[in-house]
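Subject: A structure for you to look at

Hello,

I am handing over the structure we talked about, and I hope you enjoy exploring it. Please open it first and have a look around before you read my notes.

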Amino acid sequence: MTTRTDPADPSPRPAPQASEPPAGPPAIRTVAMPADTNSAGDIFGGWLMAQMDLAAGSAAARRARGRCATLAVEGMTFLSPVFVGDEVSLYAEVASVGRTSLRIAVEAWRRARAGEETNQVTRAVFTFVAIDSDRRPRPVPEP
């Protein structure tokens with residue numbers, strides 16, 4: 001869940017597609033259902049992005065010890081499709097922590113319902129801000 005930077009081109013680029021899911025349990029595991037499709041029967045990219053936001057939000061809230069709000073999503077590229085019935089596992093890890101913000105790297109992996117082979121579907125970095133009860137930014141506590 002890293003990005004590479006070429007010294008001649010400072011813009012971040014997604015790292016090559018991983019061949020294995022991250023170690024450890026996923027933040028979320030769900031199944032793509034017919035209600036998650038468009039009229040052509042394909043899973044909506046927006047559905048997948050929402051699942052990623054849920055996984056990232058969970059990691060952000062745990063690290064910030066409280067409520068967080070999504071600020072931005074960086075570098076989302078769809079690498080392979082998700083089909084109805086696929087199990088989708090979402091892995092989230094804290095990439096960096098600022099005074100009030102957190103960057104959470106998320107990877108989505110799919111497994112066909114009747115198989116064991118997995119492949120990476122997408123990845124992105126979500127930025128969150130820790131907020132207080134008045135929805136104002138608050139410092140992220142030390143770990």
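Below is what was found in it, from the whole chain down to single residues.

Please keep in mind that this is a predicted model.

**The overall picture**

The protein chain has one helix and seven strands. Starting at the N terminus, the order of the elements is β-β-β-α-β-β-β-β. Of the 143 residues in the protein chain, 36% count as buried. The accessible surface comes to about 8,200 Å², and carbon and sulfur atoms hold 53% of that surface. Contacts across the sequence are worth a look too: among those between residues at least 6 apart in sequence, 67% join residues at least 24 apart.

**The nonpolar core**

Which residues have the most contacts inside the largest nonpolar core? They are Leu48, Met52, Ile104 and Phe128, in a core of 25 residues. The elements giving two or more residues to this core are α1 (45-64), β5, β6 and β7. The largest share, eight residues, is supplied by α1.

Phe128 is a good residue to click on. Leaving out residues up to four places away in sequence, Phe128 touches a list of residues that includes Asp53, Ala56, Gly57, Ala60, Cys68, Leu102 and Ile104.

**Strand β6 and its partners**

Next, find β6 (residues 101-111). Nine of its 11 residues are buried, so β6 is largely enclosed by the rest of the structure.

On one side of the pairing list is β5, which runs antiparallel to β6 and is joined to it by 10 bridges. A hairpin of three residues connects β5 to β6. As an example of a bridge, Val88 has Arg110 in β6 as its partner.

The other partner to look at is β7 (residues 118-130). The strands β6 and β7 pair in the antiparallel sense as well, over 11 bridges, and they form a hairpin with six residues between them. Here, Leu102 has Phe128 in β7 as its bridge partner, so you meet a residue with many contacts inside the core once more. 

Thr127 also belongs to β7. Is Thr127 buried or exposed? With a relative accessibility of 14%, Thr127 counts as buried, because the cut-off for buried is under 20%. Apart from neighbours within four places in sequence, Thr127 is in contact with Ala69, Thr70, Leu71, Ala72, Glu74, Leu102 and Arg103.

**Salt bridges**

Side chains of opposite charge can pair when their charged atoms come close. How many salt bridges does a search of the whole structure find? The search finds four.

One of them is between Arg103 and Glu74, with the closest N and O atoms 2.8 Å apart. This pair links distant parts of the chain, as Arg103 is in strand β6 and Glu74 is in strand β4 (residues 68-78), 29 residues apart. Arg103 counts as partly exposed, at 30% relative accessibility, and Glu74 also counts as partly exposed, at 33%.

Another salt bridge joins the side chains of Asp86 and Arg110, at 2.5 Å from N to O. Asp86 sits in the loop between β4 and β5 (87-97), while Arg110 is in strand β6, 24 residues apart. Both Asp86 and Arg110 are buried; for Arg110 the relative accessible area is 14%. If you leave aside neighbours within four places in sequence, the contacts of Arg110 include Pro81, Val82, Phe83, Asp86, Glu87 and Val121.

The side chains of Glu87 and Arg111 form a salt bridge too, at 3.3 Å from N to O. Glu87 lies in strand β5 and Arg111 in strand β6, so this pair ties together parts that are 24 residues apart in sequence. Arg111 counts as buried, at 17% relative accessibility. Salt bridges that share partners join Arg29, Glu87 and Arg111 into one network.

Happy exploring, and write back whenever you like!

Best wishes

How values were computed. Residues are numbered from 1 along each chain as its sequence is written. This is a predicted model: local features need pLDDT of at least 70, side-chain atom pairs count only at pLDDT 80 or more; totals for chains, interfaces and linings use all residues. Side-chain values use heavy atoms; hydrogens and water are left out. Helices (H or I, at least four residues) and strands (E, at least two) are DSSP runs, numbered from the N terminus. Buried means under 20% relative accessible area, exposed over 50%, partly exposed in between (1.4 Å probe, protein chains only). Contact means heavy atoms within 4.5 Å. Accessible areas come from the Shrake-Rupley method with a 1.4 Å probe; for residues, only the protein chains shown count as cover. A nonpolar core is a set of buried Ala, Val, Leu, Ile, Met, Phe, Trp, Tyr and Cys residues joined through side-chain atoms within 4.5 Å. Two strands pair if DSSP finds at least two bridges between them.
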